[in-house]
Amino acid sequence: MMSLASLAFLLVLQVSEVQHPVPLPADFDPAGCVDCHAAKKEGKQVHAAVETGCTSCHTVRSDDTATFVALQAPPAEMCGTCHAPQTDEVVHEPYRQGDCILCHDPHASEHPALVRTSPQALCTACHLARRTEGATVPLFGGREIPVETFRKFPKIALDRAQRTGHPYLGHPVSNGEDPFRKGQPYSCLSCHAPHAAPVAKLLREEWKSLDVCDRCHTEMRNRRAQP
Ligand code: HEC
Ligand code: HEC
Ligand code: HEC
Ligand code: HEC
Ligand code: HEC
Ligand code: HEC
Ligand code: HEC
C-alpha cells in the first residue's frame, strides 16, 4: 500500500479566495455566470449541480473594487455533500483520497458519468507502462504526476493496439457490448469498479461467484444467438 504522502500530488485544492479577473457588482445574479463561462455548460453530459447553479459549489463576494471567488468546500469534501460515499470493502486509492476531480469534470463532459476521457484511457493512463522522458508523466485533464509516483502504480500488459492481453494473454479488454451491463461498451469497467468493490482487485459483484467466466461468456453467446 502506498503512503498517503506519495499520493498528495493528486489533489489540487483551491479553497482559498482568489480575485476574480472581472469585478462584478455586489448584487450580481449568479444566473449570469454562464454568460461569460458558457463552456461550463457545454458537453453531452452537464452535471445536474451545474444546472442548479454555480453557487452550489462556488462562493462569490464583491466589495467596492473587486470580486473574489472560492470553492464552497475542498473538492474532496464538496462532492461528498451530495454523493454518499461507497462502502464496499476494497477501495480504489484515488477514490479513498477523495480526488474525485482527477477522473471527473465537475461541470460537463463529452463522456458518460462526467469522466474526463474514455474509461479505457482513464484507467490505462495510470496502469499501463509507457516510455517516459522527463520528471513528470501527463495523465489527462491537464494533470501531470512525478515519474516515481507513476512507476509505483500496479501495471497490466496489453498488446500494441491495447485491445487484448489482460487478465490473461489474448483476453480482450475492449470492443463490443458489455455482456453484464446492457447498453454499455465492453471495457475495463466490465470487470472492475472505479471506486470500490466487494472483491479483491476492485472486481465487480459478479466475481463473487466461481462461475463468473462462464456466465459472461454464456451471456455473450446468448446475445449473439438472438436474431
Ligand atoms: C463578465 C464576464 C464574467 C462573468 C459574468 C463571470 N466571470 Fe468568472 N471569469 C471571467 C474571466 C474572463 C475569467 C478568467 C478566464 C477563465 O478562467 O475563464 C474568469 C475566471 C473565473 C474563475 C477562475 C478564477 C481563478 O483564477 O481560479 C472562477 C472560479 C470564476 N470565474 C467563477 C465565476 C462565477 C461563479 C461567476 C458568477 C458569479 C462568474 N465567474 C462570472 C469572466 C466572468
Ligand atoms: C459540483 C460543483 C461545481 C459546480 C456546480 C460548478 N463548479 Fe466550477 N469548479 C468546481 C471545482 C471543484 C473546480 C476546481 C477544478 C479544478 O481545480 O480542476 C471548479 C473550477 C471552476 C473554474 C476555474 C477552473 C476551470 O475549470 O476553468 C471556473 C471558471 C468555474 N469553475 C466556473 C463555474 C461556473 C461558471 C459554474 C456554473 C455554470 C460552475 N463553475 C459550477 C466545482 C463546481
Ligand atoms: C449540490 C449537490 C451536488 C454536488 C456538490 C455535487 N453533485 Fe454530482 N450530482 C448531483 C445531482 C443532483 C446529480 C444527478 C442525480 C444523480 O445522478 O445522483 C449528480 C450527478 C453526478 C454524476 C453522474 C452523472 C451522470 O450523468 O451519470 C457524477 C459523475 C457526479 N455527480 C459527480 C460529482 C463530483 C465529482 C462532484 C464534486 C466535484 C459532485 N458531483 C458534486 C449533485 C451534486
Ligand atoms: C479513478 C477514477 C475515478 C475516481 C477517482 C472517481 N470516480 Fe466516480 N466514476 C468513475 C467512472 C469510470 C465512473 C463510471 C462508472 C460506470 O460506468 O460504471 C464513475 C461514476 C460516478 C458516478 C455515477 C454513478 C455511479 O456511481 O456509477 C458518481 C456520482 C461518481 N462517479 C462520483 C464520484 C465521487 C463523488 C468521487 C470522489 C469521492 C469519484 N467519483 C471518484 C471514475 C472515478
Ligand atoms: C491517477 C492514477 C490512477 C487512475 C487514473 C486509475 N488508477 Fe487504479 N490504482 C491507482 C492506485 C494509486 C492504486 C493503488 C496501488 C496500491 O495500492 O499499491 C490503484 C489500484 C488499482 C487496482 C488494484 C486494486 C487492488 O485492490 O489491488 C485496480 C484493479 C485498479 N486500480 C483499476 C483501475 C481502473 C479499472 C481504473 C479506471 C476506471 C483505474 N484503476 C484508474 C491509481 C489509478
Ligand atoms: C475480463 C475481466 C477483466 C477486464 C476486462 C479487465 N480486468 Fe483488470 N483484472 C482482472 C482480474 C481477474 C484481475 C486479477 C488478476 C490477478 O490477480 O492476477 C485484474 C487485475 C487488475 C489490476 C491489478 C494488477 C496488480 O498487479 O495488482 C489492474 C491495475 C487492472 N486489472 C487494470 C485493468 C485495466 C486498466 C483494464 C482495462 C484496460 C482491465 N483491468 C480490464 C479482470 C479484468
Ligand atoms: C465481463 C465479461 C468477461 C468475463 C468475466 C470473462 N471474459 Fe473471457 N472473454 C470475454 C470477451 C468479450 C471475449 C471475446 C470473445 C469473443 O469475442 O468471442 C472473451 C474471450 C475469452 C477467451 C478467448 C480468448 C482468445 O484467445 O481468443 C478466453 C480463453 C477467455 N475469455 C477466458 C476467460 C476466463 C478464464 C475468465 C474468468 C477468469 C474470463 N474469460 C472472464 C469476456 C469476459
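**Iron sites and ligand shells**

In this predicted model, the iron atom of ligand 6 is coordinated by two histidine side chains, with NE2 of His166 and NE2 of His192 placed at 2.0 Å. The site of this iron atom is octahedral, with angles of 88 to 179° among its 6 donor atoms. The two histidines join distant parts of the chain, being 26 residues apart, and both His166 and His192 belong to the loop between α8 (147-152) and β9 (196-197).

The iron atom of ligand 4 has as its protein donors the NE2 atoms of His104 and His195, which lie 2.0 Å from the metal. Its site is likewise classed as octahedral, the angles among the 6 donor atoms of this iron running from 87 to 179°. This pair, too, links distant parts of the chain, since His104 is found in the loop between α6 and β6 (108-109), while His195 is found in the loop between α8 and β9, 91 residues apart from His104.

The surroundings of ligand 4 comprise 17 residues, of which Cys100, Cys103, His104, Arg181 and His195 come nearest. Both iron-coordinating histidines of this ligand also appear among its polar contacts: a polar side-chain atom of His104 lies 2.8 Å from a nitrogen atom of ligand 4, and a polar side-chain atom of His195 is likewise placed 2.8 Å from a nitrogen atom of the ligand. A further contact involves Arg204, where an N or O atom of the side chain is 3.2 Å from an oxygen atom of ligand 4. Two elements, α5 (93-96) and α6 (100-103), each give two or more residues to this shell. When the shell around ligand 4 is divided by residue class, 10 residues are nonpolar, 4 are polar and 3 are charged.

Ligand 2 is surrounded by 18 residues, and the closest of these are Lys40, Cys54, Cys57, His58 and His107. Two histidine side chains approach nitrogen atoms of the ligand: an N or O atom of His58 is 2.8 Å from a nitrogen atom of ligand 2, and for the side chain of His107 the corresponding separation from a ligand nitrogen is 2.9 Å. Lys40 instead faces an oxygen atom of ligand 2, from which a polar atom of the lysine side chain lies 3.0 Å away. The elements that give two or more residues to the shell of this ligand are α2 (33-36) and α3 (48-52). By class, the shell around ligand 2 is made up of 10 nonpolar residues, 7 polar residues and 1 charged residue.

Ligand 7 sits in the second largest pocket of the model, where 14 residues surround it, His171, Cys213, Cys216, His217 and Arg224 being the closest. Polar side-chain atoms of two of these residues are placed beside nitrogen atoms of the ligand, at 2.7 Å in the case of His171 and at 2.8 Å in the case of His217. Arg224 contributes a contact with an oxygen atom of ligand 7, from which a polar atom of the arginine side chain is 3.0 Å away. The shell around ligand 7 consists of 9 nonpolar, 4 polar and 1 charged residues.

Definitions and conventions. Residues numbered from 1 in each chain as written. Chains lettered and ligands numbered in written order. Predicted model: local features only at pLDDT ≥ 70, side-chain atom pairs only at ≥ 80, totals over all residues. Heavy atoms only, no water. Near = heavy atom within 4 Å. Polar contact = N/O pair within 3.5 Å; in protein donor to acceptor, adjacent residues only side chain to side chain. 1 Å grid on protein atoms, 1.4 Å probe; cavity = no way out; pocket = protein on both sides within 12 Å on 5 of 7 lines; lining within 4 Å. Sits in = over half its atoms within 2 Å of the grid points. Nonpolar A, V, L, I, M, F, W, Y, C, P; charged D, E, K, R; others polar. Helix = DSSP H or I, 4+ residues; strand = E, 2+ residues; numbered from the N terminus. Donors = N, O, S within 2.8 Å, 3.2 Å for Na, K, Ca; no water. Tetrahedral: all angles 85-135°; square planar, octahedral: opposite > 155°, others 65-115°.
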